[in-house]
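Welcome! Please have a look at the structure below, and then follow the points as a short guided tour.

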Amino acid sequence: MKAKLIKKTKLTKDMFLLSFKADTKFKYKAGQHIVVSFAHEGKETLRPYSFYSEPSTSPNFELLIKKYSPGIGSVYMTSLKVGDEINIVKIKGNLYLRNKRKKNIFLSTGTGVVPMVSMIRTLPNKKSELYFGCRYKEDIISFVKIKQKVSKINIVLSKPKKNWTGIKGYVQDNLIKVDKNADYYICGVPKMVMETEKKLLSKGVPLKNITIEGWEKFDKEVDLIHKFGRLNKVTNFFVNKLFKHA
Ligand SMILES: Cc1cc2nc3c(=O)[nH]c(=O)nc-3n(C[C@H](O)[C@H](O)[C@H](O)COP(=O)(O)OP(=O)(O)OC[C@H]3O[C@@H](n4cnc5c(N)ncnc54)[C@H](O)[C@@H]3O)c2cc1C
């Protein structure tokens, strides 16, 4: 499937909102991602990017991309100009809402917030809560469009300036009240994903209520867990050994 860039907006110093129109109407679940294929130094290169939009807007959709320098995929995506086309080879992902009507808690850091926004956009009530962790105040993106869809948005800064009066530290250390009956969705760097999941389990949240997605270097770890299941002791043993998680 091909999609044409129709609008590009710079949101922060390194975050870009990209609006596309695909050549055909397509289906996806809010929270899932596309896999983009492009040529880099003569080789086919693939990178996954989550939907920021909600499925009802298809064939139009949005991505939110952070630019890394150097960074092959992020530079490719953020250098696109209006009218340029991307090649989408897959739509996939385990991160999607299990029960829209329940209280859902979304725990994210950095661009891990992208699929959360997509899911939040589809919520039918205001029971849910979003946690968003980033380093600096300058990294905070606007949540105006989803403000009416959740009961609370908790922004957690790990490297705040002195005048920051909001929550400080890491998302996993600032879970204000853990509701054992809620569903939890976690997305961000794998270390945060793993630590947050551990914390929720230690507070009595059942594993079946937790859905995770981790990216960057260790996304293989989360893929393995998706594939073989987290309850499986053998998987856990090898995943912990491979990725040195205690
Ligand atoms: C399921 C899934 C969904 C994703 N959705 C999004 C999304 O919605 N928006 C988005 O911006 N990204 C998303 N990503 C991340 C994205 O796929 C790329 O990994 C990211 O754009 C960096 O790729 P790159 O080719 O630019 O970097 P590379 O060329 O692969 O790496 C360049 C350098 O940047 C470093 N680097 C790369 N990524 C990070 C990082 N996140 N933090 C710190 N250092 C880093 C690398 O260690 C390396 O040194 C997602 C990843 C997964 C697995």
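Helix H3 covers residues 190-202, which makes 13 residues. From its first C-alpha to its last, H3 reaches 18 Å, close to the 18 Å expected at 1.5 Å a residue. Keep in mind that this is a predicted model.

**More on helix H3**
- Seen along the chain, the buried residues of H3 are Pro190, Met192, Val193, Met194, Thr196, Glu197 and Leu200.
- As a handy rule, an α-helix has 3.6 residues a turn, so residues three or four places apart point the same way.
- Just after H3 you will meet glycine 204, which takes a positive phi of about 95°.

**Helix H2**
- Helix H2 spans residues 113-120 and is mostly covered, with eight of its eight residues buried.
- Those buried residues include Val113, Val114 and Pro115 at the start of the list, and Met119 and Ile120 at its end.

**The six-stranded sheet**
- Six strands form an open sheet, and their order is E4-E3-E6-E1-E2-E5 with antiparallel pairing.
- Why is one side of E4 and of E5 left without a neighbour in the sheet? Strand E4 (43-50) and strand E5 (60-66) stand at the edges, so each has a single partner strand.
- From one strand to the next, the twist averages 40°.
- In general, strands of a sheet pair through backbone hydrogen bonds, either parallel or antiparallel.

**Strand E3 and its partners**
- Strand E3 (residues 33-40) pairs with strand E6 (residues 85-92) in the antiparallel sense, over five bridges.
- Here you can find histidine 33 opposite lysine 92 in E6.
- E3 is also joined to E4, by eight bridges, and these two strands run antiparallel.
- One pair to look for is serine 37 with its bridge partner in E4, leucine 46.
- E3 and E4 make a hairpin with two residues between the strands, and glutamate 41 takes a positive phi near 50° there.

**Arginine 121**
- Where does arginine 121 sit? Arginine 121 lies in the loop between H2 and strand E8 (129-134).
- Is arginine 121 buried, exposed or partly exposed? Arginine 121 has 18 other C-beta atoms within 10 Å, so it counts as partly exposed; a buried residue would need 20 or more.
- Leaving out residues up to four places away in sequence, arginine 121 touches Ala30, Glu54, Ile146 and Lys149.
- Arginine 121 and serine 53 are 68 residues apart in sequence, yet 7.6 Å apart in space from C-alpha to C-alpha.

Definitions and conventions:
Residues are numbered from 1 along each chain as its sequence is written. This is a predicted model: local features need pLDDT of at least 70, side-chain atom pairs count only at pLDDT 80 or more; totals for chains, interfaces and linings use all residues. A residue is buried if 20 or more other C-beta atoms lie within 10 Å of its own, exposed if 12 or fewer, and partly exposed in between; C-beta atoms are placed from the backbone. Helices (H or I, at least four residues) and strands (E, at least two) are DSSP runs, numbered from the N terminus. Two strands pair if DSSP finds at least two bridges between them. Axes are lines fitted to C-alpha atoms, for helices over the stretch in contact, and angles run from 0 to 180 degrees between N-to-C directions. The expected span of a helix is 1.5 Å times one less than its number of residues. Two residues are in contact if their C-beta atoms, placed from the backbone, lie within 7 Å.
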